[in-house]
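Here are some exercises to work through with the coordinates open. Try each task before you read its solution.

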Amino acid sequence: MYARRRHVYFAMMGTCIALFVLAWGVVRIWSIPVAVGMCVVAMVIPPLAAMVANRRGPEDRWWDAPSGDPKSDEWWDELDGKKRRPQDRP
């Protein structure tokens, strides 16, 4: 899944660069308002590309997933209130 997100990110960023270069290299000769519009669209693409690249997939590890270290997992569970030590129970 990471590879797919990376490919989508690079495709979106490539589209952004292509829009910007075409806008001021080619389209501005015929229509400046269209070139400005293309740049506005190109301006919106990078934040969207960052969101696509950084979103968590269903199989991605998340902050509360067990780390594999039993001592660390026990410590985090205790802090989160998921597991209580026997002496803490009423």
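**Exercise 1. Work out whether Val52 is buried, partly exposed or exposed, then find what Val52 touches.**

Solution. Keep in mind that you're working on a predicted model.
- Start with the element: Val52 sits in helix H2.
- Next, get the relative accessible area, which comes out at 25% for Val52. Buried needs under 20% and exposed needs over 50%, so Val52 lands in the partly exposed class.
- Now list the contacts, skipping residues up to four places away in sequence: Val52 touches Arg5, Val8 and Met12.
- Finally, take one of those partners and compare sequence with space. Val52 and Val8 are 44 residues apart along the chain, yet their C-alpha atoms are 7.7 Å apart.

**Exercise 2. Do the same classification for Ala3 and Arg55, and find how far each C-alpha is from that of a residue 50 places away: Ala53 for Ala3, Arg5 for Arg55.**

Solution.
- Ala3 belongs to helix H1. Its relative accessibility is 34%, so Ala3 is partly exposed.
- From Ala3 to Ala53, the C-alpha separation is 9.7 Å.
- Arg55 is in the loop that links H2 and helix H3 (70-80). With 41% relative accessibility, Arg55 is partly exposed too.
- From Arg55 to Arg5, the C-alpha separation is 8.6 Å.

**Exercise 3. Check the end-to-end lengths of H1 and H2 against what 1.5 Å a residue would give.**

Solution.
- H1 has 24 residues, and the rule counts one less than the number of residues, so the expected span of H1 is 34 Å. The end C-alpha atoms of H1 are 34 Å apart, so the two agree.
- H2 has 23 residues, for which 33 Å is expected. From first C-alpha to last, H2 reaches 34 Å, which is close.

**Exercise 4. Decide how H1 and H2 are arranged relative to each other.**

Solution.
- Two numbers do the job here, because a packed helix pair is described by the angle between the axes and the distance between them.
- For H1 and H2, the axes come within 9 Å and cross at roughly 165°.
- Anything over 145 degrees counts as roughly antiparallel, so H1 and H2 are roughly antiparallel.
- For the handedness, the crossing of H1 and H2 is left-handed.

**Exercise 5. Find the buried residues of H1 and H2, and say what they pack against.**

Solution.
- In H1, the buried residues are Arg5, Cys16, Leu19 and Ala23. H2 is among the things covering them.
- In H2, the buried residues are Ala35, Met38, Cys39, Ala42, Ile45 and Ala49. These pack against H1.
- If you're wondering about the spacing, an α-helix has 3.6 residues a turn, so residues three or four places apart point the same way.

**Exercise 6. Which residues form the largest nonpolar core, and which helix gives the largest share?**

Solution.
- The largest nonpolar core holds nine residues: Cys16, Leu19, Ala23, Val27, Ala35, Met38, Cys39, Ala42 and Ile45.
- H1 (2-25) and H2 (32-54) each put in at least two of them, and the largest share, five residues, is from H2.
- Zoom in on one member: leaving out neighbours within four places in sequence, Ala35 contacts Ala23, Trp24, Val27 and Arg28.

**Exercise 7. Summarise the whole chain: its secondary structure, its buried fraction and its long-range contacts.**

Solution.
- Count the elements: three helices and zero strands, which read α-α-α along the sequence.
- Of the 90 residues in the chain, 16% are buried.
- Take the contacts with a separation of 6 or more; 49% of these join residues 24 or more positions apart.

Methods:
Residues are numbered from 1 along each chain as its sequence is written. This is a predicted model: local features need pLDDT of at least 70, side-chain atom pairs count only at pLDDT 80 or more; totals for chains, interfaces and linings use all residues. Side-chain values use heavy atoms; hydrogens and water are left out. A nonpolar core is a set of buried Ala, Val, Leu, Ile, Met, Phe, Trp, Tyr and Cys residues joined through side-chain atoms within 4.5 Å. Buried means under 20% relative accessible area, exposed over 50%, partly exposed in between (1.4 Å probe, protein chains only). Helices (H or I, at least four residues) and strands (E, at least two) are DSSP runs, numbered from the N terminus. Contact means heavy atoms within 4.5 Å. Axes are lines fitted to C-alpha atoms, for helices over the stretch in contact, and angles run from 0 to 180 degrees between N-to-C directions. Angles under 35 degrees count as roughly parallel, over 145 as roughly antiparallel, 65 to 115 as roughly perpendicular and the rest as oblique. A crossing is left-handed if the near helix is turned anticlockwise from the far one by less than a right angle, and right-handed if clockwise.
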